[in-house]
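Reader: I should like to learn how to read this structure, one feature at a time. May we begin with the conventions?

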Amino acid sequence: MGIVERLREGLQQTRQNLIGRITDAIIGRSKIDDDLMDEVEDILLQTDVGVNMVSKIIDNIRDRIDKESANAPERIVPFLKDEIRSVFMTERAPAGPLPPSSSTRPHVILMVGVNGTGKTTTIGKLAYRYKNQGNKVLLAAADTFRAAAIEQLEIWADRADVDIVSHQMGADPASVAFDSFKAARAREVDVLIIDTAGRLQTKVNLMEEVKKIKRVLTKQQEGIPQETLMVLDATTGQNGISQAKRFHEALNLTGIVLTKLDGTAKGGIVVAIKDQLNIPVTMIGIGENIEDLRDFDPEEFVDALFG
Amino acid sequence: MFQELTGKLETVFKKLRGYGKLSEKNIQDSLREVRRALLEADVHYKVARQFIARVQEKAIGQDVFKSITPGQQVIRVVYDELTALLGGTARDVHFSPVPPTLIMLVGLQGSGKTTAAGKLARYFRQKGRKALLVAADIYRPAAIDQAEILARSAGVPCFHRREGTDPVDICVEAISFGQQEGCDVILFDTAGRLHIDDEMMNELVRIKKKIVPHEILLVADGMTGQDAVNMAGQFQAHLEFDGILLTKLDGDARGGAALSMLSVTGKPIKFVSVGEKLDALERFHPDRMASRILGMGDILSLVEKAEKAIDEERAKEFEEKLRKESFTFEDFLEQLDQIKGMGSLEHILGMIPGMGGNVFKNLSVDETAFTRIEAMIRSMTREERWRPEIIDGSRRRRIAAGSGTTVQEVNRLLKQFSMMKKMVKNLSKMNMKQFGKSLFSFR
Ligand SMILES: Nc1nc2c(ncn2[C@@H]2O[C@H](COP(=O)(O)OP(=O)(O)OP(=O)(O)O)[C@@H](O)[C@H]2O)c(=O)[nH]1
Ligand SMILES: [Mg+2]
């Protein structure tokens, strides 16, 4: 297979940083030409923002070049960053989780997402953060499906030193959520975080199941849960849009937590998600330790996208 | 499958079919759409570019120009190339002539290793082998419990050490345990790790050196984007693994990462995982993966079937009639018979891009729709079939009564029929897709 050899060679360079590659492309050029734009296109594609978003960004940059008669290649990088930043600038909600105010106690957060994205880990991190801010935190083990999911959350509850409500494996997840809400009220909990089983967004019955979890909560009190967060793995490609779309349709997401940004994946799909569905990214996961959670900062994100 | 993408390829397909003979430019334009589709399927942009260049070389060759249906020929070249690149025929794991065969699973966090290990355990057990599952992930909370539970449901023993034992030692001990127990396959479930975490990657290298596995499988998430090349490339550089197990393909991910990983490592994809249950593991089929990446449904078999079922001459005749607006219910009836000759409606719709896969999952295609349409037409007089405009209220009631349907259904049929006539009239060629759609909406 000759093609494999050739490809392998070509792909060796992909670890090089993207800004470096644009800079290389710029050197020796006096104006922004099609070749340079092709280079920019490749670099954007590599971040997983998707073909549609790439075309859109490139078009906008071309417009700007025309309008500002800015044809100096050095302008490309700032234009590029501006374009992506502006997608996030329409942000409505402030970044990061809202501080729970006592009037809306308990502040309920429902965590959802496809399998293995980092829901349970993020809950551990978030519990730890709220606890450190002086809140009383309760976790709910509403993933009653995956083997040892309850044990896993118990370990995180332990690490964060917070309480947990759990039933048997195989129990109805909605009833776990119901009980945890009752317990949260009775114990005057500030923040209740509910873990759910990973599910692919295309599975109708599983999406119904998670809708029911939310419904049960809303029935207890209008406006509950205050937050429904979808956890998205940064290595995810274009399927991220389908995930966000379907989970949003089912649950009306309030935000996205983008995990595993400590790897080499850029998580660019959130740009397309924000652009298309206007779902903000609120937090990012940058490791497996309990402190490895940060508020989302568009500036930093854009820098990292090309870093 | 992904509607949007399938739609794109439908457009390509239609465009290609529109041209009588293809010029180099036609092919280039069309391949640009194919490239887009590949990118949307998460194929790495460089891999996509190389692939397109290769297809172009082939497509511009004379065999395409000589063919009567150059459009289909191009699609076929794309599909065949992709299938060939994905590995031709399905491949199995290496089995050691002297048991036990040692299989090591590696991959990123959350890619699905532990579940895959459980599935493989079950798979081998079903093949009459005695498997052992080794829980070598000492890091993730409750990973050992998970492995134990999965082993139990797979009906195989699980080897683990609770305390902070070095995973290398766990694996070594597991082998002697497996030998004692007379196991012939040992599956090592390792912790998820980042490919850039040198310390953790080194742990895998140490395990590999110590146990010398017969097979190392990289477990990769089927939804992975462009980073698949970095990830797989790094695992390859450290471990020289033997094959890939692609997970989470039961959703709507198109799985282009498969092509990227294969291209960068040269390693075959051996298994695909298509569900959370332990039996949801399949051998890899390059042809199915190719269709999936292209979002084509099973378009090639549809083309073949359609070619067989619809006699070219007849189709031309119908087309003429449609264009002259002399298409009648009688012709329609005949056409229905031909369509029926192609297989069940559900099956046919499943083969049409944009209509297959998930799109119609929730709507059960009512086979009786055909029968009802037929019944209504058969209840019409000859004159009514030729000149449907004369069918007034009382005629409608009569047709409904005669065919055991309702007046509403008759109304719908008449309306759809006239719409279809208009629609098809505008088409330059007999278009199966639209035809299928118009039939479908009769239900
Ligand atoms: N490197 C890295 N790994 C992470 C991060 N977040 C989670 N993980 C790892 O990803 C794996 C899966 O995390 P979980 O928290 O179990 O994911 P989940 O979404 O709860 O999984 P399911 O409940 O099985 O659907 C674990 O090995 C985590 O340690 C992160 O930000 N960076
Ligand atoms: Mg979980």
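Author: This is a predicted model, in which local features need pLDDT of at least 70 and side-chain atom pairs count only at pLDDT 80 or more, while totals for chains, interfaces and linings use all residues. Residues are numbered from 1 along each chain as its sequence is written, chains are lettered from A and ligands numbered from 1 in the order in which they are written, and side-chain values use heavy atoms, with hydrogens and water left out.

Reader: Where does ligand 1 lie, and which residues come nearest?

Author: A residue is near a molecule if one of its heavy atoms lies within 4 Å of it. Ligand 1 is placed between chains A and B. It has 22 residues around it, of which K119(A), T120(A), T121(A), D262(A) and E288(A) come nearest. Helices (H or I, at least four residues) and strands (E, at least two) are DSSP runs, numbered from the N terminus. Helix α6 (residues 119–132) of chain A gives the most to this shell, with four residues.

Reader: How many residues of each class does the shell around ligand 1 have?

Author: In this scheme Ala, Val, Leu, Ile, Met, Phe, Trp, Tyr, Cys and Pro count as nonpolar, Asp, Glu, Lys and Arg as charged, and the others, Gly among them, as polar. The shell has two nonpolar, twelve polar and eight charged residues.

Reader: Which N or O atoms lie at short distances from an oxygen atom of ligand 1?

Author: A polar contact is a pair of N or O atoms within 3.5 Å; within protein, one must be able to donate a hydrogen and the other to accept it, and residues adjacent in sequence count only if both atoms are side-chain atoms. Here an N or O atom in the side chain of T120(A) is 2.7 Å from a ligand oxygen, and one in the side chain of Q152(A) is 2.8 Å from a ligand oxygen. T117(A) takes part through a backbone N or O atom, at 3.2 Å. The protein covers 95% of the 650 Å² of accessible area that ligand 1 has on its own. Accessible areas come from the Shrake-Rupley method with a 1.4 Å probe; for residues, only the protein chains shown count as cover.

Reader: Is D48(A) buried or exposed, and which residues does D48(A) touch?

Author: Buried means under 20% relative accessible area, exposed over 50%, and partly exposed in between (1.4 Å probe, protein chains only). D48(A) counts as buried because its relative accessibility is 2%. It lies in the loop between α3 (34–45) and α4 (51–67) of chain A. Contact means heavy atoms within 4.5 Å. Not counting residues up to four places away in sequence, D48(A) touches residues of chain A, including T235(A) and G268(A), and of chain B, including D42(B) and Q226(B). The C-alpha atoms of D48(A) and A234(A) are 9.3 Å apart, although 186 residues separate them along the chain.

Reader: What does chain B contain, and what share of its residues is buried?

Author: Chain B has 21 helices and eight strands. Of its 443 residues, 58% are buried. Among its contacts between residues at least 6 apart in sequence, 76% join residues at least 24 apart.

Reader: How does the length of helix α3 of chain B compare with what is expected?

Author: The expected span of a helix is 1.5 Å times one less than its number of residues. Helix α3 (residues 45–59) of chain B has 15 residues and should therefore span 21 Å; its end C-alpha atoms are 21 Å apart, which agrees. Its buried residues include Y45(B), F51(B), I52(B) and V55(B).

Reader: What does the side chain of T265(B) reach?

Author: T265(B) belongs to helix α11 (residues 257–265) of chain B. Its side chain reaches the backbone oxygen of M261(B) at 2.8 Å and the backbone nitrogen of K267(B) at 3.0 Å. With 2% relative accessibility, T265(B) counts as buried.

Reader: Which backbone features deserve a second look?

Author: Most residues other than glycine have a negative phi, and most peptide bonds are trans. In chain A, a cis peptide bond joins I224(A) and P225(A), with omega about -5°. In chain B, another cis bond joins P99(B) and P100(B), with omega about 0°. E240(B), not a glycine, has a positive phi of about 50° and counts as partly exposed because its relative accessibility is 46%. K248(B), also not a glycine, has a positive phi of about 60°, yet K248(B) counts as buried, at 9% relative accessibility.
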